[in-house]
Amino acid sequence: KATVSVLNWGWCCRAGARGMGRLLFVAALPLCVGIGIGCLLEMRTYGTDWAGPGPTAAAVPGAAPQLREVIAPVLAAAARDRAPIVARGAAPFAAGVRTGEFAPFSPLVIHEEEALPEAAFAEVAAAARELAGKAERQGDGRRNLMIPKGHRLAALVAKHLAPVCERAIFDETALRAKYVKEFPVELRVYDKGVGMQWHRDYLLYAERQFEMVFTVSNDGAGVTEYIGRDRERVEVATAANSVLLIRAEGVRHRVRDVPGERIILKAVFSRTLDKAPGLKAYEDSPDFQAWAEAPPKKRAEP
(Lines give C-alpha, C1' and ligand atoms only; values in the text may rest on other atoms or scores of the structure.)
Protein backbone atom coordinates (compact mmCIF):
# COMPACT_ATOMS: atom_id res chain seq x y z
CA LYS A 1 0.00 0.00 0.00
CA ALA A 2 2.82 2.35 0.82
CA THR A 3 4.42 1.71 -2.56
CA VAL A 4 1.14 2.33 -4.39
CA SER A 5 0.58 5.52 -2.42
CA VAL A 6 4.05 6.81 -3.33
CA LEU A 7 3.50 5.97 -6.99
CA ASN A 8 0.07 7.66 -6.99
CA TRP A 9 1.57 10.71 -5.32
CA GLY A 10 4.36 10.86 -7.91
CA TRP A 11 1.87 10.51 -10.77
CA CYS A 12 -0.28 13.32 -9.35
CA CYS A 13 2.77 15.62 -9.05
CA ARG A 14 3.81 14.82 -12.59
CA ALA A 15 0.32 15.49 -13.92
CA GLY A 16 0.13 18.69 -11.92
CA ALA A 17 3.47 19.86 -13.28
CA ARG A 18 2.33 19.12 -16.82
CA GLY A 19 -0.88 21.04 -16.25
CA MET A 20 0.99 23.99 -14.78
CA GLY A 21 3.43 23.90 -17.70
CA ARG A 22 0.55 24.00 -20.17
CA LEU A 23 -1.04 26.85 -18.25
CA LEU A 24 2.21 28.85 -18.24
CA PHE A 25 2.71 28.16 -21.95
CA VAL A 26 -0.79 29.36 -22.83
CA ALA A 27 -0.34 32.46 -20.68
CA ALA A 28 3.08 33.32 -22.09
CA LEU A 29 2.29 32.70 -25.76
CA PRO A 30 0.46 36.02 -26.43
CA LEU A 31 3.26 37.91 -24.65
CA CYS A 32 5.94 36.22 -26.77
CA VAL A 33 3.99 36.92 -29.96
CA GLY A 34 3.59 40.57 -28.96
CA ILE A 35 7.30 40.95 -28.24
CA GLY A 36 8.15 39.31 -31.57
CA ILE A 37 5.87 41.66 -33.51
CA GLY A 38 7.32 44.64 -31.67
CA CYS A 39 10.88 43.57 -32.52
CA LEU A 40 9.95 43.11 -36.18
CA LEU A 41 8.48 46.60 -36.29
CA GLU A 42 11.65 48.00 -34.69
CA MET A 43 13.79 46.14 -37.23
CA ARG A 44 11.73 47.54 -40.08
CA THR A 45 12.19 51.05 -38.76
CA TYR A 46 15.82 50.98 -37.62
CA GLY A 47 17.52 47.96 -39.19
CA THR A 48 18.99 44.96 -37.39
CA ASP A 49 21.63 46.44 -35.13
CA TRP A 50 21.55 45.41 -31.50
CA ALA A 51 22.62 48.28 -29.33
CA GLY A 52 22.46 47.30 -25.69
CA PRO A 53 24.95 49.54 -23.92
CA GLY A 54 24.67 48.00 -20.46
CA PRO A 55 25.85 50.10 -17.51
CA THR A 56 27.42 53.44 -18.19
CA ALA A 57 30.36 54.97 -16.41
CA ALA A 58 27.91 57.22 -14.57
CA ALA A 59 25.75 54.32 -13.38
CA VAL A 60 28.59 51.96 -12.41
CA PRO A 61 31.86 53.91 -12.16
CA GLY A 62 34.72 52.06 -13.81
CA ALA A 63 32.63 49.07 -14.89
CA ALA A 64 32.06 49.72 -18.57
CA PRO A 65 35.65 49.26 -19.83
CA GLN A 66 35.92 45.89 -18.10
CA LEU A 67 32.58 44.80 -19.52
CA ARG A 68 33.71 45.76 -23.03
CA GLU A 69 36.86 43.68 -22.63
CA VAL A 70 34.82 40.62 -21.70
CA ILE A 71 32.06 41.06 -24.28
CA ALA A 72 34.09 42.29 -27.28
CA PRO A 73 35.59 38.87 -28.25
CA VAL A 74 32.15 37.26 -28.23
CA LEU A 75 30.65 40.04 -30.30
CA ALA A 76 33.60 40.00 -32.69
CA ALA A 77 33.04 36.31 -33.34
CA ALA A 78 29.35 36.95 -33.96
CA ALA A 79 30.18 39.85 -36.25
CA ARG A 80 32.41 37.61 -38.35
CA ASP A 81 29.35 35.48 -38.98
CA ARG A 82 27.44 38.65 -39.93
CA ALA A 83 25.18 38.24 -36.93
CA PRO A 84 23.09 41.40 -36.41
CA ILE A 85 24.70 42.29 -33.09
CA VAL A 86 26.07 45.67 -32.13
CA ALA A 87 27.25 46.57 -28.65
CA ARG A 88 27.55 50.21 -27.67
CA GLY A 89 30.13 51.13 -25.11
CA ALA A 90 29.86 53.35 -22.08
CA ALA A 91 29.66 56.67 -23.91
CA PRO A 92 28.96 56.30 -27.65
CA PHE A 93 27.48 59.76 -27.81
CA ALA A 94 28.72 63.09 -26.61
CA ALA A 95 27.15 66.55 -26.60
CA GLY A 96 24.29 65.58 -24.34
CA VAL A 97 22.84 62.67 -26.33
CA ARG A 98 21.16 60.10 -24.10
CA THR A 99 23.01 56.94 -23.11
CA GLY A 100 22.58 54.19 -20.59
CA GLU A 101 19.28 52.59 -21.52
CA PHE A 102 18.88 49.23 -23.23
CA ALA A 103 17.70 50.03 -26.74
CA PRO A 104 17.23 46.95 -28.98
CA PHE A 105 17.41 47.66 -32.70
CA SER A 106 18.25 51.30 -32.04
CA PRO A 107 19.94 53.43 -34.71
CA LEU A 108 23.69 53.39 -34.68
CA VAL A 109 25.45 56.75 -34.40
CA ILE A 110 28.97 57.16 -33.00
CA HIS A 111 30.10 60.61 -31.94
CA GLU A 112 33.57 61.31 -30.59
CA GLU A 113 34.79 64.74 -29.53
CA GLU A 114 38.45 65.81 -29.49
CA ALA A 115 39.15 63.01 -31.93
CA LEU A 116 42.73 64.01 -32.78
CA PRO A 117 45.61 65.34 -30.70
CA GLU A 118 46.10 69.08 -31.07
CA ALA A 119 49.09 68.86 -33.41
CA ALA A 120 47.44 66.29 -35.71
CA PHE A 121 44.23 68.32 -35.86
CA ALA A 122 46.19 71.44 -36.78
CA GLU A 123 47.82 69.57 -39.69
CA VAL A 124 44.50 68.23 -41.03
CA ALA A 125 42.69 71.54 -40.59
CA ALA A 126 45.41 73.56 -42.35
CA ALA A 127 45.47 71.18 -45.33
CA ALA A 128 41.64 71.24 -45.56
CA ARG A 129 41.44 75.02 -45.47
CA GLU A 130 44.00 75.24 -48.27
CA LEU A 131 41.61 73.31 -50.53
CA ALA A 132 38.33 74.82 -49.32
CA GLY A 133 38.49 77.61 -51.89
CA LYS A 134 38.58 75.02 -54.71
CA ALA A 135 35.33 73.34 -53.67
CA GLU A 136 32.61 73.76 -56.30
CA ARG A 137 29.03 74.81 -55.64
CA GLN A 138 26.42 72.05 -55.84
CA GLY A 139 22.70 72.27 -56.54
CA ASP A 140 21.80 72.23 -52.85
CA GLY A 141 24.13 75.13 -52.02
CA ARG A 142 27.01 73.12 -50.56
CA ARG A 143 30.52 73.30 -52.02
CA ASN A 144 32.16 69.93 -52.63
CA LEU A 145 35.61 68.73 -53.63
CA MET A 146 36.93 65.19 -54.03
CA ILE A 147 40.46 65.31 -52.63
CA PRO A 148 42.95 64.46 -55.40
CA LYS A 149 44.72 61.13 -55.05
CA GLY A 150 48.13 61.56 -53.51
CA HIS A 151 47.30 64.95 -52.02
CA ARG A 152 48.70 65.66 -48.58
CA LEU A 153 45.20 65.90 -47.08
CA ALA A 154 44.30 62.38 -48.25
CA ALA A 155 47.51 61.10 -46.67
CA LEU A 156 46.71 62.89 -43.40
CA VAL A 157 43.25 61.32 -43.30
CA ALA A 158 44.81 57.87 -43.73
CA LYS A 159 47.48 58.58 -41.12
CA HIS A 160 45.49 60.34 -38.39
CA LEU A 161 41.75 59.87 -38.86
CA ALA A 162 41.55 56.30 -40.18
CA PRO A 163 42.98 54.68 -37.01
CA VAL A 164 40.72 56.79 -34.78
CA CYS A 165 37.59 55.82 -36.70
CA GLU A 166 38.51 52.14 -37.00
CA ARG A 167 39.06 51.97 -33.24
CA ALA A 168 35.82 53.82 -32.48
CA ILE A 169 33.80 51.49 -34.73
CA PHE A 170 35.29 48.40 -33.11
CA ASP A 171 34.92 49.76 -29.57
CA GLU A 172 31.25 50.54 -30.11
CA THR A 173 30.18 47.69 -32.44
CA ALA A 174 32.88 44.97 -32.34
CA LEU A 175 32.99 45.23 -36.15
CA ARG A 176 36.38 45.56 -37.87
CA ALA A 177 35.59 48.06 -40.61
CA LYS A 178 38.61 49.39 -42.51
CA TYR A 179 39.27 52.72 -44.19
CA VAL A 180 38.45 52.45 -47.92
CA LYS A 181 41.30 54.14 -49.79
CA GLU A 182 39.64 53.36 -53.13
CA PHE A 183 36.83 55.78 -52.26
CA PRO A 184 37.63 59.50 -52.45
CA VAL A 185 37.91 61.63 -49.35
CA GLU A 186 35.41 64.44 -49.82
CA LEU A 187 35.71 67.99 -48.54
CA ARG A 188 32.43 69.85 -48.03
CA VAL A 189 31.89 73.50 -47.23
CA TYR A 190 28.57 74.74 -45.85
CA ASP A 191 28.34 78.49 -46.19
CA LYS A 192 26.10 80.54 -43.93
CA GLY A 193 22.44 79.59 -44.40
CA VAL A 194 23.20 76.27 -46.16
CA GLY A 195 22.22 72.85 -44.76
CA MET A 196 21.34 69.34 -45.90
CA GLN A 197 17.84 67.87 -45.99
CA TRP A 198 16.65 64.69 -44.28
CA HIS A 199 18.17 61.58 -45.84
CA ARG A 200 19.68 58.14 -45.26
CA ASP A 201 23.11 57.30 -46.64
CA TYR A 202 22.68 54.74 -49.38
CA LEU A 203 24.46 51.41 -49.60
CA LEU A 204 27.84 51.41 -51.37
CA TYR A 205 29.10 47.93 -50.48
CA ALA A 206 27.57 44.48 -49.96
CA GLU A 207 27.65 45.11 -46.22
CA ARG A 208 26.52 48.45 -44.84
CA GLN A 209 29.46 50.85 -44.64
CA PHE A 210 30.17 53.50 -42.03
CA GLU A 211 30.47 57.08 -43.25
CA MET A 212 32.73 59.45 -41.36
CA VAL A 213 32.04 63.14 -40.92
CA PHE A 214 35.05 64.92 -39.44
CA THR A 215 34.41 68.55 -38.55
CA VAL A 216 37.27 70.85 -39.49
CA SER A 217 35.47 74.03 -38.47
CA ASN A 218 31.99 74.95 -37.31
CA ASP A 219 32.04 78.70 -36.86
CA GLY A 220 28.30 79.06 -36.40
CA ALA A 221 27.78 76.06 -34.09
CA GLY A 222 25.93 74.09 -36.77
CA VAL A 223 23.88 71.12 -35.59
CA THR A 224 23.29 67.64 -37.01
CA GLU A 225 19.93 66.04 -36.24
CA TYR A 226 18.82 62.42 -36.53
CA ILE A 227 15.65 60.49 -35.74
CA GLY A 228 16.19 58.55 -32.52
CA ARG A 229 14.81 55.22 -31.42
CA ASP A 230 11.70 56.79 -29.91
CA ARG A 231 11.19 58.72 -33.15
CA GLU A 232 12.29 61.93 -31.50
CA ARG A 233 14.77 64.35 -33.03
CA VAL A 234 18.19 64.10 -31.43
CA GLU A 235 20.61 67.00 -31.83
CA VAL A 236 24.38 66.58 -32.01
CA ALA A 237 26.55 69.68 -31.87
CA THR A 238 29.53 68.74 -34.03
CA ALA A 239 32.35 70.93 -32.80
CA ALA A 240 35.69 71.26 -34.58
CA ASN A 241 37.86 68.13 -34.20
CA SER A 242 34.87 65.84 -33.66
CA VAL A 243 34.03 62.66 -35.56
CA LEU A 244 30.53 61.48 -36.40
CA LEU A 245 30.12 57.94 -37.79
CA ILE A 246 26.78 56.90 -39.27
CA ARG A 247 26.03 53.52 -40.82
CA ALA A 248 24.51 53.42 -44.30
CA GLU A 249 20.78 52.73 -44.61
CA GLY A 250 20.50 53.51 -40.91
CA VAL A 251 19.12 56.61 -39.28
CA ARG A 252 17.52 59.49 -41.12
CA HIS A 253 19.59 62.59 -40.47
CA ARG A 254 20.12 66.12 -41.68
CA VAL A 255 22.27 69.21 -41.18
CA ARG A 256 20.30 72.26 -40.12
CA ASP A 257 21.03 75.46 -42.01
CA VAL A 258 24.28 76.64 -40.50
CA PRO A 259 24.55 80.13 -39.00
CA GLY A 260 28.21 80.32 -40.07
CA GLU A 261 30.74 78.48 -42.22
CA ARG A 262 31.15 74.74 -41.60
CA ILE A 263 33.91 72.63 -43.18
CA ILE A 264 33.89 68.84 -42.97
CA LEU A 265 35.71 65.83 -44.40
CA LYS A 266 33.93 62.64 -45.42
CA ALA A 267 35.44 59.17 -45.75
CA VAL A 268 34.14 55.60 -45.90
CA PHE A 269 34.87 52.56 -43.71
CA SER A 270 33.73 49.08 -44.69
CA ARG A 271 34.20 45.40 -43.83
CA THR A 272 34.08 44.41 -47.50
CA LEU A 273 34.94 45.83 -50.91
CA ASP A 274 32.18 43.89 -52.69
CA LYS A 275 30.26 46.62 -54.47
CA ALA A 276 26.54 47.37 -54.15
CA PRO A 277 24.54 48.90 -57.04
CA GLY A 278 24.67 52.28 -55.30
CA LEU A 279 28.45 52.43 -55.67
CA LYS A 280 28.24 51.68 -59.39
CA ALA A 281 25.90 54.64 -59.86
CA TYR A 282 28.28 56.83 -57.86
CA GLU A 283 31.28 55.70 -59.91
CA ASP A 284 29.45 56.64 -63.12
CA SER A 285 29.15 60.27 -62.02
CA PRO A 286 31.38 62.79 -63.86
CA ASP A 287 33.00 63.98 -60.61
CA PHE A 288 34.07 60.48 -59.60
CA GLN A 289 35.36 59.62 -63.06
CA ALA A 290 37.42 62.81 -63.14
CA TRP A 291 38.86 61.93 -59.72
CA ALA A 292 39.59 58.33 -60.74
CA GLU A 293 41.29 59.30 -64.02
CA ALA A 294 43.44 62.07 -62.55
CA PRO A 295 47.07 61.01 -62.06
CA PRO A 296 48.22 60.89 -58.43
CA LYS A 297 50.11 63.97 -57.32
CA LYS A 298 53.56 63.58 -55.88
CA ARG A 299 53.73 64.53 -52.25
CA ALA A 300 55.96 64.34 -49.26
CA GLU A 301 54.92 61.95 -46.50
CA PRO A 302 52.93 63.79 -43.84
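This short talk looks at one sheet and one buried glutamine in a predicted model.

Hi everyone! Residues are numbered from 1 along each chain as its sequence is written. As the model is predicted, local features need pLDDT of at least 70 and side-chain atom pairs count only at pLDDT 80 or more, while totals for chains, interfaces and linings use all residues; side-chain values use heavy atoms, with hydrogens and water left out.

Let's start with the sheet. Its four strands (DSSP runs of E, at least two residues, numbered from the N terminus) run in the order E6-E11-E8-E9, and the sheet is open with antiparallel pairing. Strand E6 (196-199) and strand E9 (233-237) each have a single partner strand, so one side of each is left without a neighbour in the sheet. On average, neighbouring strands are turned by 15 degrees against each other, direction ignored; the axes here are lines fitted to C-alpha atoms.

Now zoom in on one pair. Strands E8 (residues 223-227) and E11 (residues 253-255) are joined in the antiparallel sense by three bridges, where pairing takes at least two DSSP bridges. Look for Glu-225, whose bridge partner in E11 is Arg-254.

Next, find the loop between E6 and strand E7 (210-218), where Gln-209 sits. Is Gln-209 buried or exposed? It is buried, at a relative accessible area of 0%; buried means under 20%, with a 1.4 Å probe and protein chains only.

What does the side chain of Gln-209 meet? One of its polar atoms lies 3.0 Å from the backbone oxygen of Tyr-202. The Gln-209 touches (heavy atoms within 4.5 Å) include Ile-246, Val-268 and Phe-269. Thanks for listening!

Note on methods. Axes fitted to C-alpha atoms, helices over the stretch in contact; angles between N-to-C directions. Buried < 20%, exposed > 50% of the residue type's maximum accessible area, 1.4 Å probe, protein only. Polar contact = N/O pair within 3.5 Å; in protein donor to acceptor, adjacent residues only side chain to side chain. Lists of a residue's contacts leave out its neighbours within four places in sequence.
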